[in-house]
Amino acid sequence: MMIRQEEVMLKAQRAMWVVFSRGKLVVQEASQTLPIGHLEELPFLSSYADNIHQLPPLNESAHLSYPVFVVDLGSEHIDEPGWERISLRQLLFSAQDIAFSVIGRAWQYTHFLRTHQYCGQCGAKTERVDWEMAVHCHRCQHRSYPRVSPCVIVSIHNNEQILLAKGVRHKEADMYSTLAGFVESGESLEEAVHREIFEEVGVKVKNLQYFNSQPWPFPHSLMVGFIAEYAGGEIRCQENEIDDAQWFNIDELPNIPPRVSIAGQLIAKTVSLISDK
Ligand SMILES: [Zn+2]
């Protein structure tokens, strides 16, 4: 793929480097942080010059005083003293400020480029668009953008207690969290809330209140948070999805997700709503 002159110039600048290797991130061993510096300070990248892409900036991340470059090494392994690979989740949960705005976006971009190498309409090879997050097919002019999958995430309270569930996938971690599920095609966010909650734990809710949203890069979700009031029904866990669900007193909470996630923030907000009553 041709690299534009402008990008070659940028590569001579000080930049932040988000390097993916086998689905993990390459960080400096001593500080566990992403490298910030010049290309020549990362000797292991010298043979990947053609695979370096600038992350199209978001307005919000304009406060970064350097460009962000993304390098996807695919299944290549980095074995360089002073460097190590850590998981995306590990870095996100380290609660560094840049985590969600940069790393999450870089991962979604990498995932997008990996899965859109060919046109979905005519099958020709696509080319990356430099000025926005897109790939373009020069044969049929079809342009593709990264997929964003909306997902509702809901905390439910009955004025005194909060309903939390342990997903089958989080069984080992013994962690209870809010309920969440993907919005289906043609469905509103509110309809998705009612459907998901009823499917997963068999209860009805009312008085939905929008809380907040958070991009969640595993691999391209947008979590949309709501707080809902219990309206009726007995807890009945959905097979193969929910291992256990219970009403908890706010002073006897189980192991819950950290505050860096919207689930942790939703639980904290609901607990404060209950305790203010
Ligand atoms: Zn095409």
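**Exercise 1.** How many bridges join strand β1 to strand β2, and in which sense do the two strands run?

*Solution.* In this predicted model, begin with β1 at residues 15–21 and β2 at residues 24–28, which run antiparallel and are joined by 2 bridges. Within this pair, F20 stands opposite L25 of β2. Next, look at the connection: β1 and β2 form a hairpin with 2 residues between them, and R22 in the turn has a positive phi of about 50°. Finally, follow β2 to its pairing with β6 (residues 83–86), which is antiparallel and extends over 4 bridges; here V27 has E84 in β6 as its bridge partner.

**Exercise 2.** Determine the strand order of the open sheet that contains β8, and identify its edge strands.

*Solution.* The sheet is built from 3 strands in the order β7-β8-β9, with antiparallel pairing. The edge strands are β7 (127–129) and β9 (143–144), each of which pairs on one side only. Strand β8, at residues 134–136, pairs with β9 over 2 bridges, and V135 has S144 in β9 as its bridge partner.

**Exercise 3.** Find which residues of the largest nonpolar core touch the most other members, and which elements contribute to this core.

*Solution.* The core has 23 residues, of which V18, F20, L25, L34, L55, V68 and L91 touch the most other members. Two or more residues come from each of β1, β2, β5 (68–72), α2 (88–92) and α3 (98–115), and α3 gives the most, with 7 residues. A second, separate core has 18 residues, including I156, V201, V203 and I242. To link this result with the first exercise, note that F20 and L25, which stand opposite each other, are both named among those core residues with the most contacts to other members.

Notes
Residues numbered from 1 in each chain as written. Predicted model: local features only at pLDDT ≥ 70, side-chain atom pairs only at ≥ 80, totals over all residues. Heavy atoms only, no water. Pairing = 2+ DSSP bridges. Core = buried A, V, L, I, M, F, W, Y, C linked by side-chain atoms within 4.5 Å. Buried < 20%, exposed > 50% of the residue type's maximum accessible area, 1.4 Å probe, protein only.
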